[in-house]
There are 2 protein chains.
Amino acid sequence: MTTGINAGGLSPRQLANAIRALSMDAVQRANSGHPGAPMGMADIAEVLWNRHLRHNPGNPGWADRDRFVLSNGHGSMLLYSLLHLSGYALSLDELKRFRQLHSATPGHPELGYTPGVETTTGPLGQGLANAVGMALAEQTLAAQFNRPGHPIIDHHTYTFVGDGCLMEGVSHEVCSLAGTLELGKLIVFYDDNGISIDGEVEGWFSDNTPERFRAYGWQVIEAVDGHSAQAVDVAILQAKEETRRPTLICCKTTIGFGAPNKAGSHDCHGAPLGEAEIAAAREALDWPYAPFEIPADICSAWDSRERGAALEVQWQQRFESYAQAYPELAAELQRRLAGELPEGWTDQREQLLRQCQLAARTQATRKSSQQVLERLAPSMPELLGGSADLAPSNLTQWSGSLAVSSEQRAGNYIHYGVREFGMSAMMNGIALHGGFIPYGGTFLMFMEYARNAVRMAALMKIRSIFVYTHDSIGLGEDGPTHQPVEQLASLRQTPNLETWRPCDETETATAWCEALARKDGPTALVLSRQNLPALPRDAAQLAQIERGAYAVADCEGLPDLILLASGSEVALALTAGEQLAGQGIVVRVLSVPCIERFEQQPAEYRDALLPASVRARVAVEMARPESWHRYVGLDGEVVAMHGFGESAPAEILFEHFGFTVAAVVETAQRVLART
Amino acid sequence: MTTGINAGGLSPRQLANAIRALSMDAVQRANSGHPGAPMGMADIAEVLWNRHLRHNPGNPGWADRDRFVLSNGHGSMLLYSLLHLSGYALSLDELKRFRQLHSATPGHPELGYTPGVETTTGPLGQGLANAVGMALAEQTLAAQFNRPGHPIIDHHTYTFVGDGCLMEGVSHEVCSLAGTLELGKLIVFYDDNGISIDGEVEGWFSDNTPERFRAYGWQVIEAVDGHSAQAVDVAILQAKEETRRPTLICCKTTIGFGAPNKAGSHDCHGAPLGEAEIAAAREALDWPYAPFEIPADICSAWDSRERGAALEVQWQQRFESYAQAYPELAAELQRRLAGELPEGWTDQREQLLRQCQLAARTQATRKSSQQVLERLAPSMPELLGGSADLAPSNLTQWSGSLAVSSEQRAGNYIHYGVREFGMSAMMNGIALHGGFIPYGGTFLMFMEYARNAVRMAALMKIRSIFVYTHDSIGLGEDGPTHQPVEQLASLRQTPNLETWRPCDETETATAWCEALARKDGPTALVLSRQNLPALPRDAAQLAQIERGAYAVADCEGLPDLILLASGSEVALALTAGEQLAGQGIVVRVLSVPCIERFEQQPAEYRDALLPASVRARVAVEMARPESWHRYVGLDGEVVAMHGFGESAPAEILFEHFGFTVAAVVETAQRVLART
């Protein structure tokens, strides 16, 4: 669909210049920002947004809108200009407050700050990965819900990427997989301007990018003049015609196009142009208007509210006809798009926890995790699982898992391949798209390959569930490259991420339920490779797991000593506690599956578990101690890992590194002696 | 050079079967490990090691040896078999102790555990990245030191990679750059066996890998039969003939070759074959020997000690002739290969610190870092700098920086492009090769893209220097995607990594000097974007910086209150301390540029600074508080970041997030009131 806009005889270039003017003016006013990319990509953006993008500025949440991702997020003024001009609720005043505290126009596009921003970008390559996830979500959701004559989910995902995005490794991971999965409705615009921060990229980036993407199975449209509206339009039409392969449109552009002295140079990448250059650019662009002034005819030509509202109305009508033909499917789709858990969820959860507690199985928590999935997943088709090529180890597959492939698009499980970062950033894109709760597994150690995507999920407050197995030296022989030491503490430090390290099947089930029910942030599930015993619990304890910490063994009145532990060390702490109790010491043992959750509890709950007057405290965890100093203070101790692991059978390592009942008892006695 | 080995009429296959037998036997005995890759790549390895690899088993440290990297490190038994068979000091008994505590044969190859292991591998893709770094180091060192007729540095870098390595994003980053930099002596063997842990890779990895690598500018030798010694030999000869382009040799192999029932399946990837299958494999391979028994003729055919010693002797002779022609160059090369700092280093260091202290400049510590480089680098040509496309921001270039390129091979600065992970893992390879001290910059936030390479440097105890600028919300408008919060604490938790966060130029100079002088581990230098004032110091304080923590303001006798801070917050703590002192409170203020270093000090030093009886302690850092709980205990507080940052000018953010004198004073008063 090409809707040529020529109202008032305005040229595409004039429309694009509105972006250029707003971008250079806002950056100048903020005295900070990146004018180069917005000015370079303005012509491409104009064609895409005015002739192709199906969206409704009046409702940024319309489920079947095309998705647009600015992966080179430093060019945020491009996106803000587009949102403002096309009619989103983003005022000129907000553009004037670019990069100021609490404005809707932060330095990089931030989800939740600005209507129409689909994902937070800035960390290069990840916007592209989000876009691949969105396209995969679209394709999978369409396969699950569309019916003949009812293409109720049917939209494109467009993304702009720069040289930086394509140099980043994550671009390889996700574009390779996008080719394999034949995400034909993904259209990527490469801003090939030959410039990065260090200067002309040829000295460090000489890939034949078209050949690279053809090697991934993409359609590549080469050598498009990114400043020719006609050429860009033709390329987009060709991209939309291709339904099997994703498309890369390689656009030759000039960074900072329109700035007569700085265009084509890295000088205009990340700094204001300066008043003189802006004046010269106004002249060169024939843009005689004051800063932040957009003439009415240009405003009107850009305004997409009417067209957008009509598009959504058409879709609503299609949806109503779908709902008549398939009422249950329609209701289910609405539930899933709203991100609501299935009806009966609360009962199901309660039953699950009770059953786990009754079963009292000794098993690895990774196995418990799989069994929880076996119980919950049949009634939660929104679960879109996966693993970075460790399915048989992470146990992220369950009996109903069906691999998504180019032939089987309606699956519920992604074989992401050995691509931890790509997987995690794609999961974020899937969560952002809606209709799914993504979960994906790798070893806890290789969370590090994906570290920043986990952070981005937390920053964006989205429901990605990261399954991390093989969580300590307990994995044994694979040795220090695979044995996490600092990773657990690192996860816990990320704001808005909840990290659960359950000690048995019941805690694992609780952790999964909390992760699923949590709508405002991601969860990391940290699971053991080795078997762990089931703990006895009464109803009160069972109800307290979700509070993040609770007493698994307690005493009357104030304890002499408090032991704290998580995951595989809870049983060890309990046994040590029993020995100490046998010596007449009054002991409380806390299981702490989720520190972040515990920290959110009311002070009374926290103080009751950890009375200020009890200073003899010992924490036990086969990881770095930093998570625990806040609880043990200057008087207590942490039985922890201080260096790297070793390659040996797990039992030998527990002994070697001092994770034994004797060592915990000895530490407790030492702490008791000095407090 | 092809040295056909046919002693006793043994076929290449028979020689390769020794690897297969040792590998399946050792894995079986350990009841843990990966037989598939060693059995699949045995024929390739046999040809490479027996006909091409120039090494000396008697001296694994010979400077001009070819480097061999097993990037698919889970196939460690392949490497251990090769080392044992060719004559390294790795006994059969050690092979029998595969994956046992303190053996020389840990689960994955670990640097320092086994003679002949060039780098620790296991985290996929990074061995390949190390190899690219080694090849770059070879090429650069050769360009710096070789003279006409004296090719004193002249060796190849060979690496084995699996599907997993090529799916990982880091493979894209480093192979792209290897093409641009024309690392013609890098030869990569791709074990194209079509299998990964989840099964047949075609469902998740359908790249046209040859086309991809041609897009990087590589020579690609396609469709080599990895089980034909002849075909592999021809391919290696072709690879060695090419001097400009790196070479990828794509070898079609069968995983677990020789195991009649499990070969070709992921069943043999990561688990012992089992006794029955091993017996069947012995039959299929015509290998009638007992476990760990290698017949004498096969042993003797493999033994490369004599050949290796002769190779090194030839090189020694060449080196002697070089040393006669260029005595100063030869001495300098020997110094650099030994990793010794230049003569006069101690004086230079002392002078530098004194001058920084005198200059008393107010400036960003990233700027101080650049000025330190200006002072030190001219006399330290072993510094091989770089940045992941942030040179003008990281300020990692100095006036003598000369970019390495295919035309200018003797440079001292790498434009790594937007490739943080690739850069960091290549730096590790450069450090491992010897002759250089690599340093490389990015924003502290994007350390996360490279997180595991930083850990690997610490695990391997190598001298990589990571320069991380823009270290807090002090970077301002770029907002939360760029503002580190948890990254600093995360770095500090990695064992054997020293993280310095200096507060002014003198501390920055100390940090650089400590990083350079540290031979047994990496250092992270965490630097501000914004200006920081210079602190006054007496000689005693100047000398104490290297201890990681010291008093920048002190009192007579025991303080009422101790303030602790690092980096940009030290000045804030000092001002707050002055205000509190004005209220009659006896205050000590500690600058803590390096917690890890402070933790290594004798107890007397630590206790003197932080007397156990003084419980009123407040730490101030614009990062997560977890690093500081160990010092402030249950009674103190940390003025810290708890959530994510925001996009706004830095001064506004300091106010917004409570990093003000008033807030620190108020916190201190609260702490004093309750202790």
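Colleague: Where in chain A is A:Thr209 found, and is the residue buried or exposed?
Modeller: Keep in mind that this is a predicted model. A:Thr209 is part of helix α8, residues 209–215 of chain A. Its relative accessibility is 3%, and buried means under 20%, so A:Thr209 counts as buried.

Colleague: Which residues does A:Thr209 touch, leaving out those up to four places away in sequence?
Modeller: We already have A:Thr209 down as buried, at 3% relative accessibility. Leaving out residues up to four places away, the ones it touches are A:Leu166, A:Tyr190 and A:Leu248.

Colleague: What about A:Ser265: where is it found, and does it count as buried or exposed?
Modeller: A:Ser265 sits in the loop between β7 (247–252) and α10 of chain A. Apart from residues up to four places away in sequence, it touches A:Ile195 and A:Ile255. Its relative accessibility comes to 19%, and the cut-off is under 20%, so A:Ser265 counts as buried.

Colleague: Is A:Asp286 buried or exposed?
Modeller: Look in the loop between α10 (275–284) and α11 (296–302) of chain A. A:Asp286 isn't a glycine, yet it has a positive phi of about 55 degrees. Its relative accessible area is 65%, and the line for exposed is over 50%, so A:Asp286 is exposed.

Colleague: And B:Leu395, buried or exposed?
Modeller: B:Leu395 also isn't a glycine and has a positive phi of about 55 degrees. Its place is the loop between α16 (391–394) and β10 (413–415) of chain B. With a relative accessible area of 15%, B:Leu395 is buried.

Colleague: How far apart are the end C-alpha atoms of helix α2 in chain B, and what span should its 17 residues give?
Modeller: The helix covers residues 36–52, and at 1.5 Å a residue it should span 24 Å. The end C-alpha atoms agree with that, because they too are 24 Å apart.

Colleague: Where does α2(B) bend, and by how much?
Modeller: As for its surroundings, α2(B) is mostly covered, with 17 of its 17 residues buried. The bend is at B:Ala42, and the angle is about 55 degrees.

Colleague: What is the radius of gyration of chain A, and what would a compact globule have?
Modeller: Chain A holds 27 helices and 20 strands, and its C-alpha atoms fill a box of roughly 90 × 60 × 45 Å along the principal axes. For 675 residues, a compact globule would come out near 26 Å. The chain agrees with that, at 28 Å.

Colleague: How much of chain A is buried?
Modeller: Start with the outside: chain A exposes about 20100 Å², and carbon and sulfur atoms supply 49% of that area. For contacts with a separation of 6 or more, residues 24 or more positions apart account for 78%. Of the 675 residues in chain A, the buried share is 69%.

Colleague: What relation holds between chain A and chain B?
Modeller: Chain A can be laid on chain B by a turn of 180 degrees and a shift of 0.0 Å along the axis, with an RMSD of 0.0 Å. That relation is a two-fold axis.

Colleague: Through which surface do the copies meet?
Modeller: Take the interface residues of chain A: 100% of them are also interface residues in chain B. So the copies meet through the same surface.

Note on methods:
Residues numbered from 1 in each chain as written. Chains lettered and ligands numbered in written order. Predicted model: local features only at pLDDT ≥ 70, side-chain atom pairs only at ≥ 80, totals over all residues. Heavy atoms only, no water. Helix = DSSP H or I, 4+ residues; strand = E, 2+ residues; numbered from the N terminus. Expected span 1.5 Å × (residues − 1). Bend = angle between axes of the 7 residues up to and from the residue. Buried < 20%, exposed > 50% of the residue type's maximum accessible area, 1.4 Å probe, protein only. Rg over C-alpha atoms; globule rule 2.2 N^0.38 Å. Contact = heavy atoms within 4.5 Å. Areas by Shrake-Rupley, 256 points an atom, 1.4 Å probe, with all protein chains shown as cover. Least-squares fit on C-alpha atoms with pLDDT ≥ 70 in both.
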